There are 2 protein chains.
Amino acid sequence: MGEEDKLEDTEAAVDGKSKKALKKAAKDAEKAAKKEAKKSTGQAEGDKEEVDVSAGKYGTFGLLQSKADDKNRNAIFTHIKDLCPNIKDQIVLVRGRMHTSRAKGKQCFMVLRQQQFTVQCLVNVSDTISKQMVKFASTINKETIIDVIGKVSSVPKEIEACSQKLVEIHIQEIWVVSESKSQLPLLIEDAARPVKDDDQEGLNIKVNQDTRLDNRILDLRTPANQAIFRLEAGVCRLFRDILTNKGFVEIHTPKIISAASEGGANVFTVSYFKSSAYLAQSPQLYKQMAIAADFDKVFTVGAVFRAEDSNTHRHLTEFVGLDLEMAFKYHYHEVLDTIGNTFTEMFIGLRDKYKTEIE
Amino acid sequence: MGEEDKLEDTEAAVDGKSKKALKKAAKDAEKAAKKEAKKSTGQAEGDKEEVDVSAGKYGTFGLLQSKADDKNRNAIFTHIKDLCPNIKDQIVLVRGRMHTSRAKGKQCFMVLRQQQFTVQCLVNVSDTISKQMVKFASTINKETIIDVIGKVSSVPKEIEACSQKLVEIHIQEIWVVSESKSQLPLLIEDAARPVKDDDQEGLNIKVNQDTRLDNRILDLRTPANQAIFRLEAGVCRLFRDILTNKGFVEIHTPKIISAASEGGANVFTVSYFKSSAYLAQSPQLYKQMAIAADFDKVFTVGAVFRAEDSNTHRHLTEFVGLDLEMAFKYHYHEVLDTIGNTFTEMFIGLRDKYKTEIE
């Protein structure tokens, strides 16, 4: 493969941006790639004595050492959620996790995942893609982080299994950035499968709650958990934005306090140097102090602690409280109106801004 | 005073909005006012047997009982910060705290305060303002919450003592909403005075730190403390907005944890039902878990606890931490760039949006 080809490929890959930097990057990448390729495909070459036409187009990155001269870092990555038929035939560089991979004769289908977005990628034996490269692609473990360079292509039939249903990537290069173990405690596919008790035909593979919690990092990669965290952030953001627009000031209240702040709920005791203190059950007192101190309207978002020794799902000893307090001029209905209005605006905001997360 | 006059006054006071409601309000107010006026000015009338031309224009509100038929609540209040020469000659309704009051012969100057904003008000004996009313105004305690209705007037000379330097209010009605004690543990004026060690000529009245902390509510009413809280809210808001725009997700991390989260800092022990737990010194582990769970970029704003038994000003056992964590593609400089950029944007935001607070 000529150097010219290589340069052209990579130039196209970044969609015309910062070409100069990319040329350099390409050279560097090529050098590294050749070295790596020798290592990783050494065995395959030894076995078959076949010329690998794809040498330098796949392999494993070494340890990223944040070297000053690592020119790769000017490369521009495309996010999977931004792949669409509008950028058809462009060459893109995508970093994601190997979600699933399925070899089928001379081709290998892979699903690449980024958070809740997935796209189908295809490696097909051809003039520029060697058998060895397809074999390499098919042996990458699930959940491994990989970089792929390839052409965005529209598909004749919608891809049901991916979030990007209208396009797939025809791979030109494939690089392993960080390899995962070959055996994982749970598979994201299994964890993400909706649990249907009455589904007779469907697969009946479930991941137990213990396994999920013991391997929380893997479980959090499921689309549902990704959406939960994003919606949680969204609720807090909307609460803050709406109240700030209404003239509220955000305050931060102490969490370690000298006496129980509210009757009715139990407190946690903290050993505070030579004496004892308590964890705040509520920011109530501090909100009220702020009102008396003429802040007029305040709110706080923060941890609240309740020492309720209960084993149901619905009792937490620690949660994030969204709390507001305001002074009214004549009538407590002013407060009710503000609260009602805030909720309405929050639900409208969730509907409008977090559509993909709610699904 | 005829009913017509009364109606006209109040109509003007609300700047043309919801006149119908206000007419009703005016009637109600008048009735209540007459009753109150009899009580509060009874003695003065008795003494001098003089006709009080201002009866029904001043007095003390009863307890606000959030009655369904309290029509006052449709009244529109003007904020002191919005008073400016543009609304000259308009009649406004303002609720604020009596900051200072100074009677001088037949007139009484008052400074009305709302958070960090102050405006001068003037009651002057005239055809419609009785001596009794001026006397009533001059006897209102400092820090009492009052409602005033009056005309916005521009002043020949800038008022140095107030934040509204270009306008004052010529009072037509004055009502006490919530009376304060006549003797306060500290005066906002004193607490707000800048401490200058070498100021030989100036007043040398200081409020000690103990007194301030024992009466935190009063101390928080000083302009400096108001600004501190508003800037604190501003810093958090900018941090959140900037990072959210950069694609970060806000997460909430546990505060009660089962083991020390970071070496080097001491932990607080919490008695957690039958065993012990610890207060989080840092959200480090949880941020890193989120990165491993493919969140890519996360941040958290929340309480952090450090059991450092130190008596300097610069050690706190509890503070609000602004924390971010991100995955980088090739080089740790990507993280440094993000952090640097965030700080720059935060300082620009503070400069542009919080000018009045910084003064």
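1. In this predicted model, Tyr332(A) is partly exposed, its relative accessible area being 41%. Because the partly exposed class lies between the limits of 20% for buried and 50% for exposed, Tyr332(A) with its 41% belongs to neither of those two classes. Along the chain, Tyr332(A) sits in the loop that joins β12 (318-326) to α9 (333-353) of chain A.

2. Tyr332(A) also contributes to a nonpolar patch on the surface. Its partners there are Phe328(A) and Leu336(A), and the patch covers about 290 Å².

3. The relation between the chains deserves a separate remark. A turn of 180° with a shift of 0.0 Å along the axis lays chain A on chain B, with an RMSD of 0.1 Å. The two copies are therefore related as by a two-fold rotation axis. Within chain A, Val270(A) has the C-alpha nearest this axis, at 2.2 Å from it.

4. The interface may be read alongside that relation. Of the interface residues of chain A, 100% are also interface residues in chain B, so the copies meet through the same surface.

5. In chain B, attention may be drawn to an open sheet of three strands, ordered β7-β11-β12, in which the pairing is mixed. Its edge strands are β7 (249-250) and β12 (318-326) of chain B, each of which pairs on one side only.

6. Within this sheet, β11 (residues 297-305) of chain B runs antiparallel to β12(B), and nine bridges join the pair. As a point of register, Val298(B) lies opposite Glu325(B), a residue of β12(B).

Definitions and conventions. Residues numbered from 1 in each chain as written. Chains lettered and ligands numbered in written order. Predicted model: local features only at pLDDT ≥ 70, side-chain atom pairs only at ≥ 80, totals over all residues. Heavy atoms only, no water. Least-squares fit on C-alpha atoms with pLDDT ≥ 70 in both. Contact = heavy atoms within 4.5 Å. Pairing = 2+ DSSP bridges. Helix = DSSP H or I, 4+ residues; strand = E, 2+ residues; numbered from the N terminus. Patch = residues over 30% accessible without salt bridge, like charges linked within 9 Å, V, L, I, M, F, W, Y side chains within 5 Å. Areas by Shrake-Rupley, 256 points an atom, 1.4 Å probe, with all protein chains shown as cover. Salt bridge = Lys/Arg side-chain N within 4 Å of Asp/Glu carboxyl O. Buried < 20%, exposed > 50% of the residue type's maximum accessible area, 1.4 Å probe, protein only.
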